[in-house]
Amino acid sequence: GNVTVSGAQVTIDLTADFTDSTDYYVQIDATAFDDLAGNGYAGISDTTTWNFTTVDTTTPKVVTLSPADGATGVGLTDNLAITFDEGMAKGSGDIVIYETGVGVFETIAVTAGNVTVSGAQVTIDPGTTFEDSTDYYVQIAASCFDDLAGNGYAGISDNTTWNFTTVDTTTPKVVSLSPADDATGVGLTDNLVITFDEQIRRTEEPLRPIPPF
């Protein structure tokens, strides 16, 4: 019932749909069709006479982000990179880097020269150096990237899918000393206390007070 003949035309109505982005070939038995005089159609017995590929309707997916989501210690001049599961092309729209809790750090048009596409990899070279010890997140417009069949990447519209923290390159600074520098009347059993502007870890034996000679 799913193979119909109308004059010179044969229609084959498949019972199952084709799979997206898939190569197919068709073979036909030599006994399948005759002309009205009884002469048999030779059929198709190879894999090349009738082959075709179905349309790509699948949206591209991200394989890796660099820096990875949640990464720490990211270099202040590092590029951002996205690796997809297929070849990509630029569309239109903006890539926006935000400083968490502050606002927009940099807006980059996807058509700009500092956004490059090579096969499945997209590289974004920010025009501004990242700040030290700072949290960032990235948003990408849904129109920015398409696969080669025109299927659009969904983009990123939240502040959690791609966020990272830059490296700490700033030396710690002393906020206060106790006893204060040049203090007098310091107790004989008082502790020495240094308060820094950030958390500190011990790396070697601290200096000890040196009595006068």
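How many residues lie between β11 and β12 in the hairpin that these strands form, and which residue in the turn has a positive phi? In the predicted model examined here, 2 residues separate the two strands of this hairpin, and G119 in the turn adopts a positive phi of about 65°. The arms of the hairpin, strand β11 (residues 115-118) and strand β12 (residues 121-124), are paired in the antiparallel sense through 4 bridges, and within this pairing T116 has T123 of β12 as its bridge partner.

Strand β12 is also joined to β7 by 4 bridges, again with the two strands running antiparallel, and here the bridge partner of A81 in β12 is T123. T123 is therefore a bridge partner both of T116 and of A81, as β12 pairs with β11 and with β7. Strand β7 (residues 80-84) pairs in addition with β5, in the antiparallel sense and over 4 bridges, with V62 standing opposite F84 of β7. Of the 5 residues of β7, 4 are buried, so that this strand is largely enclosed by the rest of the structure.

The loop that precedes β5 was considered next. Both T54 and D56 are placed in the loop between β4 (51-53) and β5 (62-66). T54 is buried, its relative accessible area being 16%, and its side chain is engaged with backbone nitrogens of a segment distant from it in sequence, as the contacts listed below show. A polar atom of the T54 side chain lies 3.1 Å from the backbone nitrogen of S21, while the backbone nitrogen of T22 is reached by the T54 side chain at 2.9 Å. When neighbours within four places in sequence are set aside, the residues in contact with T54 are F18, T19, D20, S21, T22 and Y24.

D56 is likewise buried, yet this residue has no salt bridge, and K61, the nearest side chain of opposite charge, is 8.6 Å away. A polar contact is nevertheless made between the side chain of D56 and the side chain of S21, at 3.5 Å. Beyond four places in sequence, D56 is in contact with D20, S21, E86, D147, A149 and N151; D20 and S21 thus appear in the contacts of T54 as well as in those of D56.

A further element of the model is an open sheet of 5 strands, which shows mixed pairing and has the order β6-β15-β13-β9-β10. The edges of this sheet are occupied by β6 (71-74) and β10 (103-109), each of which has a single partner strand, so that one side of each is left without a neighbour in the sheet. Direction being ignored, neighbouring strands of the sheet are turned by 25° against each other on average. At the β6 edge, 2 bridges join β6 to strand β15 (residues 163-166), and these two strands run parallel; F164 in β15 serves as the bridge partner of A71.

The loop between β14 (145-147) and β15 contains G150, which is partly exposed, with a relative accessible area of 48%. G150 and Y41 are separated by 109 residues in sequence and, from C-alpha to C-alpha, by 40 Å in space.

Methods
Residues numbered from 1 in each chain as written. Predicted model: local features only at pLDDT ≥ 70, side-chain atom pairs only at ≥ 80, totals over all residues. Heavy atoms only, no water. Buried < 20%, exposed > 50% of the residue type's maximum accessible area, 1.4 Å probe, protein only. Lys, Arg positive; Asp, Glu negative; His and termini not counted. Salt bridge = Lys/Arg side-chain N within 4 Å of Asp/Glu carboxyl O. Polar contact = N/O pair within 3.5 Å; in protein donor to acceptor, adjacent residues only side chain to side chain. Contact = heavy atoms within 4.5 Å. Pairing = 2+ DSSP bridges. Axes fitted to C-alpha atoms, helices over the stretch in contact; angles between N-to-C directions.
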